[in-house]
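Reader: Hi, I'm new to this one and would like a close look at a single part of it. Could you walk me through it slowly?

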Amino acid sequence: MINTVTGPVKASKLGTTYIHEHVIVHPNELPAFEPYSLTNVDKSSREVESFVRAGGSTIVDLTPLNFGRDPDALYEVSMRTGATIVFTTGFHKDAHIPRWFFEMGDAEIAEVIEGEIEHGVGELHLKPGVVKVGTSLDAILPSEKRAIRICSSVARNAGLAMVTHCDKGRLALEQLAEISARGVELEHVCVSHTDLTLDADYLKRVMDTGACISFDHVGRDLEGGDHERVSILAELVRSGYGDRVCLAGDMGKKSYLPAYGGKPGFAYILTTLRDRLLEHIDARDFERMVRDNPQRVLDGYES
Ligand SMILES: [Zn+2]
């Protein structure tokens, strides 16, 4: 069972799933993060409706602690649209780790994360379904290493999946080594943003660990028709990696969402991008990337 804002749901019932999105975000570092501020429940619901109309079913809102997460508002969006929404506990990279993290001991921090998973968050006491960690560009910083250690142990004990932030797609292998050292099964880990490297050999090495990768920076090259990513995805499917890739948009910015005045929006992957991909891969391969693979990552495991 997976925790969603409307209660536990069987993995097999998640349907078409984006494993890395942002539906509601109240960044606490305004005004620098104003472009990332998604605070309007009406607009965010319109965006999620477009996803549902295109055949979508589940969205993982990967906004972590200290980045303006709002599970109660996600509940409202889920009720209005019928979409299943999963929210996140854990941390982003060092720049966004909260001050209190640096003032607490490891056990105390673990208690905070465990408390969210056991007792819930916000007025509605909703429970997170995934644990996030993140790393900076050139090195895993001490705070990040500590967050990975603590969060991995909590995720393993709770049987929750982990979805990570890799700055510019890098350091995925180093992250996975740290995570796996805490006993987490990498089948339940998805590393985000790795498509930014546009390096198929690197992506294969990451997937050879057993972890999934997410292609989540699609929809940025609209003029070029996402040509580079489409050809890399086709190559990965051809070489047998189609069961390790999750497709998502990470469109946590006004300029990506029509409801906030941007493009291409949450429906893009299931419509325009799908059509382009189907010139190179089977519909079954596409479904794996938006349904079976995210489902397998998110599925809880015996702790
Ligand atoms: Zn994100």
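Reader: Let's take strand β8 and what surrounds it. How many bridges join β8 to strand β9, and do the two run parallel or antiparallel?

Author: Happy to. Keep in mind that this is a predicted model. Four bridges join β8 to β9, which covers residues 189-192, and the two strands run parallel. One spot to look at is Thr-164, which stands opposite Val-191 in β9. To get from β8 to β9, the chain passes through helix α6 (residues 172-181), and this β-α-β crossover is right-handed.

Now turn to the other neighbour, β7, which spans residues 130-135. Here six bridges join the strands, and β7 and β8 are parallel too. Val-131 in β7 has Met-162 as its bridge partner in β8, and Val-133 is partnered with Thr-164. So Thr-164 turns up in both pairings: it is the partner of Val-133, and it stands opposite Val-191. The link from β7 to β8 runs through helix α5, and that β-α-β crossover is right-handed as well.

How covered is β8 itself? Its residues are 161-166, and six of the six are buried. In a regular strand, side chains alternate between the two faces of the sheet. You can follow that along β8: Ala-161, Val-163 and His-165 point one way, while Met-162, Thr-164 and Cys-166 point the other way. Both sets are buried.

β7 tells a similar story. Six of its six residues are buried, so β7 is largely enclosed by the rest of the structure. Val-130, Lys-132 and Gly-134 point to one side of β7, with Val-131, Val-133 and Thr-135 on the other. You might pause at Lys-132, which is among the buried residues there.

Going one strand further, β6 (residues 88-90) pairs with β7 over three bridges, again in the parallel sense. In that pairing, Thr-88 stands opposite Val-130.

Let's come back to Met-162 in β8, since a lot meets there. Leaving aside residues up to four places away in sequence, Met-162 touches Val-130, Val-131 and Val-133. Its other contacts are Ser-152, Ala-155, Ile-179, Val-184, His-188 and Val-189. Some of those names are familiar: Val-131 is the bridge partner of Met-162, and Val-130 is the residue that Thr-88 faces.

Met-162 also belongs to something bigger. The largest nonpolar core has 85 residues, and Met-162 is listed with Cys-151 and Cys-190 as having the most contacts inside it. Helix α5, residues 142-158, gives the most to this core, contributing seven residues. That is the helix you met on the way from β7 to β8.

So if you want a route for your own viewing, start at β6 and its three bridges to β7, step across the six bridges to β8, and finish with the four bridges to β9.

Conventions:
Residues are numbered from 1 along each chain as its sequence is written. This is a predicted model: local features need pLDDT of at least 70, side-chain atom pairs count only at pLDDT 80 or more; totals for chains, interfaces and linings use all residues. A nonpolar core is a set of buried Ala, Val, Leu, Ile, Met, Phe, Trp, Tyr and Cys residues joined through C-beta atoms within 7 Å. A residue is buried if 20 or more other C-beta atoms lie within 10 Å of its own, exposed if 12 or fewer, and partly exposed in between; C-beta atoms are placed from the backbone. Two residues are in contact if their C-beta atoms, placed from the backbone, lie within 7 Å. Two strands pair if DSSP finds at least two bridges between them. A crossover is right-handed if, with the strands pointing away from the viewer, the path from the first strand over the helix to the second runs clockwise.
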